[in-house]
Amino acid sequence: MSNAENGQEPPVQDTPDMTAQNADIPASGSADADEQKKAYAELNDRFLRLAADFENYKKRSERDRVQTIALANERFACDILEVADNIERALKSDDSHLREGVARIQQLLSAQLQRHGVCPIESLNKSFNPGEHEAIAHVPSDAGTGTVIDEVSRGYRMHDKVIRYAKVAVSKGKENNHKEA
């Protein structure tokens with residue numbers, strides 16, 4: 001019975017081409033394997049250091065972001081504290097100068113808010129815009145339908161983003177008191 005009939009492959013015999021190819025492989029395979037292991041260890045070490053550096057970068061970035069937000073809030077709070085101090089002074093003053101003091105405090109507060117990018121949304125006599133307004137009443141009036149006729153609570157925008165919607169009353173047009181027959 002031959003090797004082919006047994007399911008075994010015949011032994012490979014060296015040809016002149018194969019002996020030339022095998023001549024390129026060093027006789028001591030362990031030296032080449034040691035070099036490959038050393039190169040692998042170096043690459044693995046570089047990878048681990050890079051991964052650790054990236055994790056440290058992410059932690060540092062998050063810490064810096066939190067500090068930046070805290071610092072921004074601190075500056076805003078200090079500016080508002082100036083307004084609070086002026087309100088306390090106004091409450092201690094006599095009634096004759098109270099209105100003038102409150103008007104100045106409002107100007108100071110508006111200036112502080114604008115310095116931080118917060119500005120009011122103008123709403124009166126403008127068309128209702130759901131991106132800026134919150135309708136709390138729909139009332140008949142001489143103004144055109146959909147026009148803001150009263151501002152109950154002023155809206156504010158910070159750097160082009162609405163941070164508080166204006167609470168407004170919207171006109172639903174003239175009301176007809178007579179019924180059609």
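This is a short selection-by-selection tour of one pocket and two sheets. Keep in mind as you click along that the model is predicted.

**Stop 1: the largest pocket**

Start by selecting Gln106, Leu109, Ser110, Leu113, Gln114, Val118, Cys119, Pro120, Arg154 and Tyr156, the residues that line the largest pocket. The volume of this pocket is about 150 Å³. Try colouring your selection by residue class: six of the lining residues are nonpolar, three are polar and one is charged.

Which element gives the most to this lining? Show the cartoon and look at H4, which provides five residues. Helix H4 covers 98–115, and both this helix and strand S1 (118–121) supply at least two residues of the lining.

**Stop 2: the sheet S1-S4-S5**

Stay with S1 and let it lead you into a sheet. Three strands make up this open sheet, in the order S1-S4-S5, and their pairing is antiparallel. S1 sits at one edge and strand S5 (161–164) at the other, each pairing on one side only. If you fit axes to the strands, expect neighbours to be turned by 40° against each other on average, with direction ignored.

Now zoom in on S4, residues 155–158, and its partner S5: the two run antiparallel and are joined by three bridges. Two pairs are good to pick out here. Select Arg157, and opposite this residue in S5 you will find Val162. Then select Met158, whose bridge partner in S5 is Lys161.

What is there to see in the hairpin of S4 and S5? Two residues lie between the strands, and in this hairpin His159 takes a positive phi near 50°. A backbone torsion display is a handy way to look at His159.

While side chains are switched on, a general point helps with reading the view: in a regular strand they alternate between the two faces of the sheet.

**Stop 3: the sheet S2-S6-S3**

Next, select S2, S6 and S3. In that order, these three strands form another open sheet, this one with mixed pairing. At the edges are strand S2 (133–139) and strand S3 (148–153), each of which pairs on one side only. The twist from one strand to the next averages 30°.

For a last close-up, keep S3 and strand S6 (residues 166–171) on screen. These strands run antiparallel, with four bridges joining them. Which residue in S6 is the bridge partner of Asp150? Label Ala169 and you have the partner of Asp150.

Conventions: Residues numbered from 1 in each chain as written. Predicted model: local features only at pLDDT ≥ 70, side-chain atom pairs only at ≥ 80, totals over all residues. Heavy atoms only, no water. 1 Å grid on protein atoms, 1.4 Å probe; cavity = no way out; pocket = protein on both sides within 12 Å on 5 of 7 lines; lining within 4 Å. Points joined across faces, edges and corners; volume = space filled by probe spheres on them. Nonpolar A, V, L, I, M, F, W, Y, C, P; charged D, E, K, R; others polar. Pairing = 2+ DSSP bridges. Axes fitted to C-alpha atoms, helices over the stretch in contact; angles between N-to-C directions.
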